[in-house]
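Trainee: I am new to this structure and would like to look closely at a single part of it before I turn to the rest. Could you take me through that part with care, and then place it in its surroundings?

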2 protein chains.
Amino acid sequence: MRTHERVLAQIETGLTAGKWPIGERLPAERALAEELGVSRPSVREAIRILEAMGIVRTAVGSGPSAGATVIDRPAAGLGAAVRLHVASGTLPVSDVVRTRVLLETGAVRDAAERTSDDAALDRVREHVEAMADPDLDVAAFLEHDQDFHIELARLSGNQLVEAILSGMRAAVASYVTAGAEAVEEWPRTAARLCAEHRAIVDAVARHDGAGAARLVREHIEGFYRETGLGER
Amino acid sequence: MRTHERVLAQIETGLTAGKWPIGERLPAERALAEELGVSRPSVREAIRILEAMGIVRTAVGSGPSAGATVIDRPAAGLGAAVRLHVASGTLPVSDVVRTRVLLETGAVRDAAERTSDDAALDRVREHVEAMADPDLDVAAFLEHDQDFHIELARLSGNQLVEAILSGMRAAVASYVTAGAEAVEEWPRTAARLCAEHRAIVDAVARHDGAGAARLVREHIEGFYRETGLGER
DNA sequence: TGTACTTCTGTGGTCTGTCCACAGTGGGCT
DNA sequence: AGCCCACTGTGGACAGACCACAGAAGTACA
């Protein structure tokens, strides 16, 4: 086993044991190196991996905010991994769409059945209303669309689902953008998408999990079919 | 932007441009460092991240197998990320279970509706039969259980779902192992799990997608409930 | 006494240089 | 012809140094 892997394993053990709760800082690189009897570069490589995975955030300087702080961003690491493999890989778009459907329908079903968080629901509605602006250009519209879907998934409270969907965001954005360009009458499609978004949020608000799930599936698959991306 | 991030970006650009197809090797660390005008440690940190994400594999020595070889193992990066976040306590086990249910039920539904691949189906059955051996110890049993579920998901043909589930494998294994230890009468539970596996495969074989999905959900959630992991 | 400035200290970021372990390669010896 | 061994290129690891940064502590001044 290589040195940085040993360091990583030791840190992971400490994390599992609750040695450094979220918000706490890891020991300084030099201190950690001495404590574990390894060199600083080895410690750094381990911390790099933790950073790439979204486990810690590093900052230079002094004071409480400096150093390697344990954070709570599962989406960062999963996102990077999914992005690298989806963007440069040979994954068909249909797989991405299908996976979205599975995760998002499950997420809204859970969201509808949970006690509703009005503040979070309002955040989702904000994106819906922002998209209703007819002067919005396509790129901004799709930006809000992405945010809407992520926020919607967040309502479920399932961090893993949210992280995976966040990670797929870049991949989804690329096919949705291509799809929007292929649509004949964009204003009409945009209006329809907005109406569908509203219906989904309303279903979640009235705790209709099955209905929300159905609407989400039709929303995602409908757009995918309409744009004809599946035939390519 | 930090040096290793710049290096990472440059390598990523090269990867997406097809500069180093899968199986090809990246330039040597020293060569890459000189080419990019940075130090070797910075290059190493970037390569560490790529390695952790499952993009490259490094090997010492000389010859064609040495160096940083480009591979395509999405599961590696996703797995590490999921595992680390479960370790740091930010990802509740219930989220992992719920996500499994969503992805696996969707996968078997797709698998059942596809034209069946008998060879692949036989591979799945092999694991089922191997688990029926009463002399099998718990660790080996659970190993086959993991393989069974991954192979089952693979039947769907959705590479992304398969990659995500493979990535979750380690995280799933840890809670399943803890769960198995908490079970009162293991032999009886093991027998039941085997029977459930058989029923799932049979449902897929007769193209009963809805049935297979229901059985998978009950299988996963039933074990989770039985072990009482949810109450902790 | 209070405020503004300066210095100190601890942190990660980066580089240089060095040595080691490893594995394939090829030349030389038998 | 076959075997052995030094060579070479690779990643792995380490020591030590310097820099930029940001907060903290100390100091000078009003």
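Does A:His207 count as buried, exposed or partly exposed, and how many C-beta neighbours does it have inside 10 Å?

Mentor: The model we are looking at is a predicted one, and that should be kept in mind throughout. A:His207 counts as partly exposed, because it has 14 C-beta neighbours inside 10 Å, whereas a residue needs 20 or more to be buried and 12 or fewer to be exposed. A:His207 is found in the loop between α9 (186-205) and α10 (209-226) of chain A, and although it is not a glycine, it has a positive phi of about 60°. Chain B can be read in the same careful way: B:His207 is placed in the loop between α9 (186-205) and α10 (209-227) of that chain, its phi is positive, at about 60°, although B:His207 is not a glycine either, and it is partly exposed, with 14 other C-beta atoms within 10 Å.

Two other residues help to show what the classes of exposure look like. A:Val124, which sits in helix α6 (residues 118-131) of chain A, counts as buried because it has 23 C-beta neighbours inside 10 Å. Leaving aside neighbours within four places in sequence, A:Val124 is in contact with A:Phe148, A:Glu151, A:Leu152, A:Leu155 and A:Val201; of these partners, A:Leu152 is 28 residues away along the chain, with 6.3 Å between the two C-alpha atoms. B:Glu24, by contrast, lies in the loop between α1 and α2 of chain B and counts as exposed, because it has 12 C-beta neighbours inside 10 Å. From B:Glu24 to B:Arg169 there are 145 residues in sequence and 28 Å in space, taken from C-alpha to C-alpha.

From single residues we can step back to the whole of chain A, which has ten helices and two strands. Read from the N terminus on, its elements follow the order α-α-α-β-β-α-α-α-α-α-α-α, and its C-alpha trace spans about 65 × 40 × 30 Å along the principal axes. Of the 232 residues in chain A, 42% are buried, and among its contacts between residues at least 6 apart in sequence, 69% join residues at least 24 apart. For residues 1-73 of chain A, an unreviewed UniProt entry lists "domain: HTH gntR-type"; that span is 48% helix and 11% strand, and its end C-alpha atoms lie 28 Å apart.

The largest nonpolar core holds 129 residues, and those that touch the most other members are A:Val108, A:Ile164 and B:Val108. B:Val108, once its neighbours within four places in sequence are left aside, is in contact with B:Leu152, B:Ile200, B:Val204, B:Ala212, B:Ala213 and B:Val216.

How the two chains are arranged is the next matter. A turn of 179° and a shift of 0.9 Å along the axis lay chain A on chain B with an RMSD of 1.6 Å, and that is the relation of a two-fold axis. The same surface serves both copies, since 90% of the contact residues of chain A recur in chain B. In the interface itself, 39 residues of chain A are in contact with 36 residues of chain B. On the side of chain A that touches chain B, α1, α3, α4 (74-88), α5 (93-113) and α8 (159-182) each supply at least two residues, and α4(A) gives the most, with nine. By class, that side of chain A divides into 21 nonpolar, eleven polar and seven charged residues.

Finally, there are the DNA strands. DNA strand D is surrounded by 22 residues, the closest being A:Thr3, A:Ser39, A:Gly61, A:Ser62 and A:Gly63. Both chains take part in the surface near DNA strand D, where α1 (3-16) and α3 (40-52) of chain A and α2 (29-36) and β2 (67-70) of chain B each supply at least two residues; its residues divide into seven nonpolar, twelve polar and three charged. Around DNA strand C there are 24 residues, and the closest are B:Thr3, B:Ser39, B:Gly61, B:Ser62 and B:Gly63. Here α2 (29-36) and β2 (67-70) come from chain A, while α1 (3-16) and α3 (40-52) come from chain B, each with at least two residues of the surface near DNA strand C. The largest share of that surface, three residues, comes from α3(B), and its classes are seven nonpolar, twelve polar and five charged residues.

Terms used: Residues are numbered from 1 along each chain as its sequence is written. Chains are lettered from A and ligands numbered from 1 in the order in which they are written. This is a predicted model: local features need pLDDT of at least 70, side-chain atom pairs count only at pLDDT 80 or more; totals for chains, interfaces and linings use all residues. A residue is near a molecule or strand if its C-beta atom, placed from the backbone, lies within 6 Å of it. Helices (H or I, at least four residues) and strands (E, at least two) are DSSP runs, numbered from the N terminus. Ala, Val, Leu, Ile, Met, Phe, Trp, Tyr, Cys and Pro count as nonpolar, Asp, Glu, Lys and Arg as charged, and the others, Gly among them, as polar. A nonpolar core is a set of buried Ala, Val, Leu, Ile, Met, Phe, Trp, Tyr and Cys residues joined through C-beta atoms within 7 Å. Two residues are in contact if their C-beta atoms, placed from the backbone, lie within 7 Å. UniProt positions are given in the numbering used here, feature names are shortened, and annotations may be inferred rather than shown by experiment. Copies are superposed by least squares on the C-alpha atoms of residues with pLDDT of at least 70 in both.
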